[in-house]
Amino acid sequence: MQVRFFRAVIHTLLVLITLVTATISGTLFPFGPVDMIPLMEVNDLEGLLNFLLLFPYFYAAWLRDLLTLLATRPALLIYGLEFSISLIFIIFCHEMGHYIACRYYRVEATLPAFIPSPPLISPAGTFGAFIKIKSHFPTRKAIFDIGVAGPIAGFIALLPVAVLGVATMQTAPPEQIQQSPIYFADPLLIKLIGAIFGVDLSLGIGNAFYFAAWVGLLMTALNLIPAGQLDGGHATFALFGGRLHHVIGNAAFLAMALFTILGWYFYSSPSGLIFTLILAVMTRIGHPPAMEMERLPQSRKIVALLTLLIFILSFAPIPVRINLNL
């Protein structure tokens with residue numbers, strides 16, 4: 001009982017810390033209106049060493065000034081909370097989809113553990129969350145259901161956030177739009193919602209709900225890549241078996257590497273590099289088999305098509321683009 005209570009306390013603390021870090025990060029550029037970066041002029045190796053040595057001091061002073069700003073500007077704090085609560089809600093629903101499916105199949109798993117990130121280290125203030133599966137998969141169907149339950153639940157959770165973000169998005173005349181050094185490519189879902197509400201996304205000014213949904217879609221797309229033990233990898237293994245799971249995972253890695261090269265060449269964007277590195281690791285990790293590798297029922301193939309549709313709606317080949325001419 002004491003161990004379970006201690007674990008519950010740890011998980012709760014991680015959620016609260018993530019709420020703080022995501023709230024702060026949500027107010028910062030590129031997701032928020034605050035453009036405060038602790039910089040120090042670096043001209044040579046000595047300057048770089050001084051920067052590294054003094055960075056903790058600059059970071060602490062910067063964080064103090066930012067917290068003071070949030071404490072004195074309630075509207076800014078509310079903006080940050082809109083971002084953080086929306087994003088945490090999306091991530092929590094994703095992980096609870098996995099957890100509930102594990103409980104249904106009596107697969108031992110931990111509660112969702114959030115991973116907070118200090119502001120500036122991760123633009124969103126979090127690296128997401130995870131559950132740890134601590135027992136074997138009983139059946140092929142269990143692998144499939146546990147794998148896809150998270151992305152489906154997370155996608156359903158982000159739908160109202162995305163609608164709210166696009167529906168309340170302010171637009172401006174072209175001559176009043178200030179070009180940003182960072183451009184976020186809209187996934188197909190955002191474009192469809194924009195078309196439904198008659199919002200010209202090229203003239204839109206992003207808000208907290210829009211950016212929370214955008215990050216949620218990015219995480220959904222990453223998790224649904226069919227490689228390793230990502231959610232899409234679970235589904236691919238259950239559908240096609242170990243050999244094709246390996247082949248498809250390598251193909252996904254090559255495709256992402258190609259997108260990374262194209263993104264860097266045309267848009268000076270390193271955004272695909274993280275995905276490529278993750279896939280490089282994931283394709284080297286084998287997938288544990290189920291204790292019973294039975295044939296999947298036809299209904300799971302229909303769910304697989306639904307999951308593929310979610311991936312298509314969430315995926316942007318080059319999600320972040322950099323404008324070096326500004």
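**Local features of the predicted model**

Arg106 is exposed, with a relative accessible area of 79%. In this predicted model, Arg106 sits in the loop that runs between α3 (74-104) and β1 (113-116). The backbone at this position is worth a look: phi of Arg106 is near 60°, which is a positive value in a residue other than glycine.

A second residue of this kind is found in another loop. For Leu120, phi is near 85°, again a positive value in a residue that is not glycine. Leu120 belongs to the loop between β1 and β2 (126-130). Its relative accessibility is 34%, so Leu120 counts as partly exposed, because that class lies between the buried limit of under 20% and the exposed limit of over 50%. By the rule of over 50%, Arg106 counts as exposed because its value is 79%.

The backbone also offers a cis peptide bond, which joins Phe29 and Pro30 and has an omega of about 15°. Pro30 is placed in the loop between α1 and α2 (45-72).

Helix α1 itself spans residues 2-26, and Leu19 is part of it. With a relative accessible area of 27%, Leu19 is partly exposed. Setting aside residues up to four places away in sequence, Leu19 touches Leu81, Ser84, Ile85 and Ile88. Ser299, in turn, is 280 residues from Leu19 in sequence, and the two are 38 Å apart in space, taken from C-alpha to C-alpha.

Helix α8 (residues 271-282) gives a picture of a helix with two faces to follow. Which residues of α8 are buried? They are Ser271, Gly272, Phe275, Thr276, Leu279 and Met282. These residues cover an arc of only 125° around the axis, and therefore they lie on the same side of α8. What do the buried residues of α8 pack against? Their partners are two helices, α6 (208-223) and α7 (231-267), together with the strand β6 (320-322). On the face of α8 turned away from the buried side, the exposed residues are Ile274, Leu277 and Val281. Following the helix around its axis thus leads from a buried side, with Phe275 and Leu279 among its residues, to a face that carries exposed residues, including Ile274 and Val281.

Terms used: Residues numbered from 1 in each chain as written. Predicted model: local features only at pLDDT ≥ 70, side-chain atom pairs only at ≥ 80, totals over all residues. Heavy atoms only, no water. Helix = DSSP H or I, 4+ residues; strand = E, 2+ residues; numbered from the N terminus. Buried < 20%, exposed > 50% of the residue type's maximum accessible area, 1.4 Å probe, protein only. Contact = heavy atoms within 4.5 Å. Arc of directions from axis to C-beta.
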